[in-house]
Amino acid sequence: MKNRLLLFGIFITNILVAQTVDVRSTVYQWNDLDAVKETGRERRQILEGTTTDLSHLSIHASTLEPGKAPHAPHSHADEEELIIVTAGKLKVTIDAQSKVIGPGSVAVALPGDIHGFENGGDVPVTYYIFRYKSKLPIDLDRSKQAGGSFIVDWNDIVFTPHDKGGIRHFFEKPTAMFSRFEMHVTTLNAGLKSHDPHTHRAEEVILLMKGNAEMQIAGNHLPASPGALIFLGSEIPHAIRNTGEEPCVYFAFQWQ
């Protein structure tokens with residue numbers, strides 16, 4: 001009987017371990033992603049697993065044909081969803097709010113809010129979907145006090161130049177999952193690095209929109225080209241350098 005219980009315990013432990021996939025801190029290159037063809041779109045799964053602060057993180061990119069929608073409007077009871085458009089026009093509807101947004105624009109749908117997407121133009125649209133759930137309890141009141149779900153149009157964001165290029169501040173606010181969620185877009189001039197390698201408690205994602213770069217992650221120096229997504233875990237040393245002959249442009253966002 002004891003042997004059976006021991007074997008059963010080992011079996012359950014193996015299942016739990018198999019279900020926990022830690023997200024690696026690395027560069028996920030666009031050209032390395034498998035494109036799965038579905039009706040009206042191509043879908044590229046980038047990563048899925050757990051992180052220091054998230055019990056679930058899933059990131060994929062979709063390229064949607066004109067006149068198509070990936071699925072019917074829906075909501076998530078216990079996850080938030082972030083959308084970043086990189087090419088074309090996407091019509092985003094969150095509850096009663098609907099807007100067609102272009103490259104560089106973002107939207108955040110909070111738990112319980114019905115949201116849907118469709119191609120809002122006459123050429124294919126490419127966008128990234130980030131779905132995530134915090135390990136801490138969801139705080140819907142906090143998200144409502146901060147304004148709830150929202151859409152940010154690239155054209156509404158002010159560009160502030162500096163000696164290395166410039167920056168666009170998108171938002172810094174609490175959500176249902178995070179006490180602080182911050183996003184900006186950096187323009188980094190050719191041949192420059194943003195800063196020396198550093199660490200911080202907050203996890204971070206970088207999405208390269210334009211240009212070529214080298215990402216230093218711990219002791220590794222990894223190339224990144226347009227469309228590359230970089231995940232940086234908590235306290236991982238990192239830095240980015242423009243390796244091209246023109247400015248590179250990238251999203252950077254972190255949470256805590």
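The exercises below treat aromatic pairs and salt bridges in a predicted model.

**Exercise 1. Classify the ring pair Y132 and F178, and state where each residue sits.**

Solution.
- Step 1. A pair of aromatic rings is described by the distance of the centres and the angle of the planes.
- Step 2. For Y132 and F178 the centres are 5.3 Å apart and the planes differ by 15 degrees. Pairing requires centres within 6.5 Å, and planes under 30 degrees apart count as stacked. The pair Y132 and F178 is therefore stacked.
- Step 3. Y132 belongs to strand β10 (residues 125-134), while F178 is in the loop between β13 (165-173) and β14 (181-188). The two residues are 46 apart, and the pair links distant parts of the chain.
- Step 4. Both Y132 and F178 are buried.

**Exercise 2. Classify the ring pair Y132 and F181.**

Solution.
- Step 1. The centres of Y132 and F181 lie 6.1 Å apart, with 70 degrees between the planes.
- Step 2. Planes over 60 degrees apart count as edge-to-face, so this is the class of the pair Y132 and F181.
- Step 3. This pair also links distant parts of the chain: Y132 is in strand β10 and F181 in strand β14, 49 residues apart.
- Step 4. F181 is buried, as is Y132.

**Exercise 3. Place Y132 in its wider set of rings, and find which charge lies over F150.**

Solution.
- Step 1. The search of the whole structure gives 13 aromatic pairs.
- Step 2. Ring pairs join Y132, F178 and F181 with F130, F150, F171, F253 and W255 in a cluster.
- Step 3. F150, a member of this cluster, has K173 over its face, at 4.1 Å from the ring centre.

**Exercise 4. Which residues form the salt bridges of E42, E172 and K193, and how accessible are K37, E172, K193 and D196?**

Solution.
- Step 1. The whole structure holds 11 salt bridges.
- Step 2. E42 pairs with K37 at 2.5 Å, N to O. K37 has 67% relative accessibility and so counts as exposed. Together with R44, K37 and E42 are linked in a network of salt bridges.
- Step 3. E172 pairs with R180 at 2.9 Å, N to O. E172 is exposed because its relative accessible area is 54%, where the cut-off is over 50%.
- Step 4. K193 pairs with D196, with 2.8 Å between the closest N and O atoms. K193, at 39%, counts as partly exposed. D196, at 49%, is also partly exposed.

Conventions: Residues numbered from 1 in each chain as written. Predicted model: local features only at pLDDT ≥ 70, side-chain atom pairs only at ≥ 80, totals over all residues. Heavy atoms only, no water. Phe/Tyr/Trp six-rings, centres within 6.5 Å; stacked < 30°, edge-to-face > 60°. Helix = DSSP H or I, 4+ residues; strand = E, 2+ residues; numbered from the N terminus. Buried < 20%, exposed > 50% of the residue type's maximum accessible area, 1.4 Å probe, protein only. Lys NZ or Arg CZ within 6 Å of the ring centre and 35° of its normal. Salt bridge = Lys/Arg side-chain N within 4 Å of Asp/Glu carboxyl O.
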